[in-house]
Amino acid sequence: MFTYSDNGQHFLGCRVNKFGKVQVVYDCDGTQRKVYDVEAPNVTSKVVFDAIKDAVKQRRVMPAVFAALSSKNIHLRESL
């Protein structure tokens, strides 16, 4: 599941990796790709995607993602 900002500058996606871990993928202008692991057990992709859909509308996209998920006790850690 993924979405773009209205201006097409920001990409946010949610995926499950081969180990079953939910991840958030962020890219800005196709040059700043970052992958984050969801650091909470039993979190569904839908919960994360709902936060992503709202955050991509904000001016500061990633802080909005962190705030939305943090309010639900879901934390992200940059994937290695």
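A residue counts as buried when its relative accessible area is under 20%. Take Ser 5: its relative accessibility is 8%, so Ser 5 counts as buried. Keep that cut-off in mind as you look around this model, which is a predicted one. Here's the quick tour: five strands form an open sheet, helices H1 and H2 both pack on that sheet, and the largest nonpolar core has 23 residues.

**The sheet**

- Reading across the sheet, the strand order is S1-S2-S3-S4-S5, and the pairing is antiparallel.
- S1 and S5 are the edge strands, since each of them pairs on one side only.
- On average, neighbouring strands of this sheet are turned by 20 degrees against each other, if you ignore direction.
- A bit of background: strands of a sheet pair through backbone hydrogen bonds, and the pairing can be parallel or antiparallel.
- S1 covers residues 2-4 and is joined to S2 by three bridges, with the two strands running antiparallel. To find your place here, look for Phe 2, which stands opposite Gly 13 in S2.
- S2 and S3 are also antiparallel, and they pair over seven bridges. A handy marker is His 10, which sits opposite Cys 28 in S3.
- At the other end of the order, S4 and S5 run antiparallel and are joined by three bridges. Here Tyr 36 stands opposite Glu 78 in S5.

**The helices on the sheet**

- H1 packs on the sheet and touches S1, S2, S3 and S4. The direction of H1 makes about 175 degrees with that of S2.
- H2 packs on the sheet too, touching S2, S3, S4 and S5. For H2, the angle with the direction of S2 is about 40 degrees.
- Which residues of H2 are buried? They are Val 61, Met 62, Ala 64, Val 65 and Leu 69. These residues cover an arc of only 155 degrees around the axis, so they end up on the same side of H2.
- Those buried residues of H2 pack against S2, S3, S4, H1 and S5.

**The nonpolar core**

- Within the largest nonpolar core, the residues that touch the most other members are Leu 12, Val 24, Val 38, Val 48, Ile 52, Val 65 and Leu 76.
- Several elements chip in: S2 (10-16), S3 (22-28), S4 (34-38), H1 (45-55) and H2 (61-70) each supply at least two residues of this core.
- Leu 76 is a good one to click on. Leaving out residues up to four places away in sequence, Leu 76 touches Val 24, Tyr 36, Asp 37, Val 38, Glu 39, Val 65, Phe 66 and Leu 69.

**Aromatic rings**

- How many aromatic pairs turn up in a search of the whole structure? There are four.
- One pair is Tyr 36 with Phe 66: the ring centres are 5.5 Å apart and the planes are at 90 degrees, so this pair is edge-to-face.
- That pair links distant parts of the chain, with Tyr 36 in S4 and Phe 66 in H2, 30 residues apart.
- Are these two buried or partly exposed? Tyr 36 has 9% relative accessibility, so Tyr 36 counts as buried. Phe 66 has 32%, so Phe 66 counts as partly exposed.
- Elsewhere, ring pairs link Phe 2, Tyr 4 and Phe 11 into a cluster.

**Loops and backbone angles**

- Back to Ser 5, which is found in the loop between S1 and S2. Not counting residues up to four places away in sequence, Ser 5 touches His 10 and Val 56.
- The hairpin of S1 and S2 has five residues between the strands, and Gly 8 there takes a positive phi near 75 degrees.
- The hairpin of S2 and S3 likewise has five residues between its strands, with Gly 20 at a positive phi near 85 degrees.
- Most residues other than glycine have a negative phi. That makes a couple of non-glycine residues worth a look.
- Asp 29 has a positive phi, near 55 degrees, and its place is in the loop between S3 and S4.
- Asn 73 also has a positive phi, near 60 degrees, and lies in the loop between H2 and S5 (76-78). With a relative accessible area of 63%, Asn 73 is exposed.

Conventions. Residues numbered from 1 in each chain as written. Predicted model: local features only at pLDDT ≥ 70, side-chain atom pairs only at ≥ 80, totals over all residues. Heavy atoms only, no water. Core = buried A, V, L, I, M, F, W, Y, C linked by side-chain atoms within 4.5 Å. Buried < 20%, exposed > 50% of the residue type's maximum accessible area, 1.4 Å probe, protein only. Helix = DSSP H or I, 4+ residues; strand = E, 2+ residues; numbered from the N terminus. Contact = heavy atoms within 4.5 Å. Arc of directions from axis to C-beta. Pairing = 2+ DSSP bridges. Phe/Tyr/Trp six-rings, centres within 6.5 Å; stacked < 30°, edge-to-face > 60°. Axes fitted to C-alpha atoms, helices over the stretch in contact; angles between N-to-C directions.
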